[in-house]
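Trainee: I have the sequence and the coordinates open, and I would love to walk through them with you. Could we take it one question at a time?

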Amino acid sequence: MIDAQDLTLAYGSNVVLQDVSMQLGDGELLAIIGPNGAGKSTLLRALGGLHTPQHGHVMVNGKAVAQMSPQERARRLALIEVDTSPVTNVTVREAVAQGRLPHRPWWRWNELPEDEAIVDEALERAQLGDRAERMLDSLSSGERQRVWVALALAQHAPSLLFDEPTTHLDLGHAMHILSLLREVADAGTTVVIVLHDLNVAAAHADRIALVGKNTLLACDVPERVFQEELLTAAYGAPIIVRREEGMMLAFARPPLRPKGAP
Amino acid sequence: MMLALCAAIIVGASWGTIPFSPATIVSALFHPHAQNDATIVLWSLRLPRVAIAALVGAALAVAGLLMQDLLGNPLIDPYLTGTSAGAALAIAVAIAFGAPPGLYSAIALGASMATTLLVAALARSGTGLSVERMIVAGIALSSLFAGLTTLVILWSPSASVSLSILAWLGGSLAGHGWRDLGWATLYALCGFALALTTIPALNALRLGTRRAQALGVDLDRTRWIVVIATCLLTSAAVSVSGVIGFVGLMVPHIVRGAIGHDVRWTIAAALPVGATVLILADAFARSATPPTEIPLGILLSLLGVPAFLYLASRRPKTA
């Protein structure tokens, strides 16, 4: 369970978000959406304890994240950020096994007796069992995203935060990773993801947090967030909302062209 | 690797201006109180030199490995933080002003540690260290000190003083005995001990700094520990050997090529491999052109660069 109260997030004097409050329950999947530069990733980092709010606080299961040691924070929150730096000479198993690091005392270099089974289980849940010995840089983008989910699963943290899990993925791989995150949430983990695709967010999330204009504009079920005026105000472009076969769909209205124009 | 180190110790003790057979050396090793040439030469000249070479090689190899793993850059040299340049300037000034040679080790140790601390102070960012600033500060101070060292050589009172400074800069283990090992060993052991505490963090850093941070790695603390450990290790090496480059750059590559990238094993392997490389290089340096010695630092550059380029060209390209 994550409880964020009155957050003001800034880089120096540049305030990115203010007056942000939200509560997330166990087993809930929340998608954060908003225009570029609105502070989605900063909000995710703040929920994950890696960005210190200028004001306000984040509590995880009743304890302030700011009061936790880095190791304790990593035991409670698994955060996967966008990191484009190349990872070479690391096998899938080695990468996933790093998820056990927060559970080891600082002086212990080797895995604990129970770690091997936990890593195996995480690999299986992410359908990476047959790729465990492959090098990370030999995998496709979709497979690599699954590796980071497996790493987070191996962390055994009650909350999983994932920044842009579907970026650069084709539809099939994107659906695969979102289904996996849905399963993780259904198993009781609080899952927070940052997404650019509004329709994907509406299809998979229990609630949507819409950020824009330096604040949290809405945090509610997709039906209540998908309001044309609200989305238009957030994105600064005319947005049309439709309901098709039980799904919420939002898309930008293309500019009208005069008749006879090429 | 340990067998290679044992063989290197025998070679290092056998080779020299007066060569001895390995059997003679082994016999002298087990009879330290025998009164013959081999025993006296071994215990008073060769063994301390082999021990210093082992210490310097192991210290530089581990220091190079730590810095490369911390910065995620295989081209980083442990002298990056200005350790060697600071020590070189201090020694140049000390020689020019006629300081007794017995003080050189202490001066080099103090200067190299002071330089690293200055670089760390310039690279401070909040409670941590900015890696980019550290590289810039290290390179800038190294350039400044190198320029000042050249100035001291040019302005030195006599040619012999200039030659003494150049000989120290060339790196050598000549003229060192058991007494020189004391403080250097203590500092190197502290550096090794600190290095061991960073192994889990350095392994996590192989996934990138952001992922390591998310896994609970305290980046600020890890950076400080690595910088302090590297400072202790390189200062210990510089204080007894002068500037010996390339070991800290090359040995981590050899180790990773042989056993992979897991820091638990690379640190353990860097110790014997670094020691072996420097013992063999020193043995060659003092026996290749008798009665004179090739400066060890220069020899390592001459032999090491082609070997390194060969190894680099054989490395498989990653995707």
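Mentor: Gladly! Let's begin with a strand pair: A:L7 has a partner standing opposite in β2(A), and that partner is A:V20.

Trainee: How many bridges join β1(A) to β2(A)?
Mentor: This is a predicted model, so we are reading computed geometry. Strand β1 (residues 2-11) of chain A and strand β2 (residues 14-24) of chain A run antiparallel. The number of bridges that join them is seven.

Trainee: Which residue in the hairpin of β1(A) and β2(A) takes a positive phi?
Mentor: The hairpin has two residues between the strands. One of its residues has a phi near 65°, and that residue is A:G12.

Trainee: Where in chain A is confidence lowest?
Mentor: Chain A averages a pLDDT of 92, and 97% of the residues score at least 70. Confidence is highest in strand β3 (residues 29-33) of chain A, at 97. At the other end, with a mean of 87, is strand β12 (residues 247-252) of chain A.

Trainee: Which element gives the largest share of the side of chain A that touches chain B?
Mentor: The contact takes 24 residues from chain A and 18 residues from chain B. On the chain A side, two or more residues come from each of α2 (70-76) and β6 (77-80). The largest share is four residues, and it comes from α2(A).

Trainee: How many residues of the side of chain A that touches chain B are nonpolar?
Mentor: That side divides into three classes. Seven residues are polar and five are charged. The nonpolar ones number twelve.

Trainee: Which helix gives the most to the largest nonpolar core?
Mentor: That core has 185 residues, and those with the most contacts inside it are A:V96, A:A150, B:A59 and B:V62. The helix that gives the most to this core supplies 20 residues, and it is α3 (residues 37-71) of chain B.

Trainee: What does B:A59 touch, leaving out residues up to four places away in sequence?
Mentor: B:A59 is among the residues with the most contacts inside the largest nonpolar core. Its partners farther along the sequence than four places are B:A188, B:G191, B:L233, B:A236 and B:A237.

Trainee: Why does the span of α4(B) agree with its 14 residues?
Mentor: Helix α4 covers residues 83-96 of chain B. At 1.5 Å a residue, the expected span is 20 Å. The end C-alpha atoms agree with this because their separation is 20 Å.

Trainee: Is α4(B) mostly covered or uncovered, and what do its buried residues pack against?
Mentor: Twelve of its 14 residues are buried, so by the cut-off of 20 or more other C-beta atoms within 10 Å α4(B) is mostly covered. Among the buried ones are B:T83, B:L89 and B:I95. They pack against α5 (104-122), α6 (131-155), α7 (159-170) and α11 (219-241) of chain B.

Trainee: Which elements do the buried residues of α6(B) pack against?
Mentor: α6(B) has 25 residues and reaches 36 Å from its first C-alpha to its last. Its buried residues include B:M134, B:L141, B:F145 and B:V152. They pack against α4, α5, β2 (128-129) and α7 of chain B.

Trainee: Is B:L300 buried or exposed?
Mentor: B:L300 is found in helix α14 (residues 296-314) of chain B. B:G245 is 55 residues apart from B:L300 in sequence, yet 7.4 Å apart in space, C-alpha to C-alpha. Because 25 other C-beta atoms lie within 10 Å, B:L300 is buried.

Technical notes. Residues are numbered from 1 along each chain as its sequence is written. Chains are lettered from A and ligands numbered from 1 in the order in which they are written. This is a predicted model: local features need pLDDT of at least 70, side-chain atom pairs count only at pLDDT 80 or more; totals for chains, interfaces and linings use all residues. Two residues are in contact if their C-beta atoms, placed from the backbone, lie within 7 Å. Ala, Val, Leu, Ile, Met, Phe, Trp, Tyr, Cys and Pro count as nonpolar, Asp, Glu, Lys and Arg as charged, and the others, Gly among them, as polar. A nonpolar core is a set of buried Ala, Val, Leu, Ile, Met, Phe, Trp, Tyr and Cys residues joined through C-beta atoms within 7 Å. pLDDT is the predictor's confidence in each residue, from 0 to 100. The expected span of a helix is 1.5 Å times one less than its number of residues. Two strands pair if DSSP finds at least two bridges between them.
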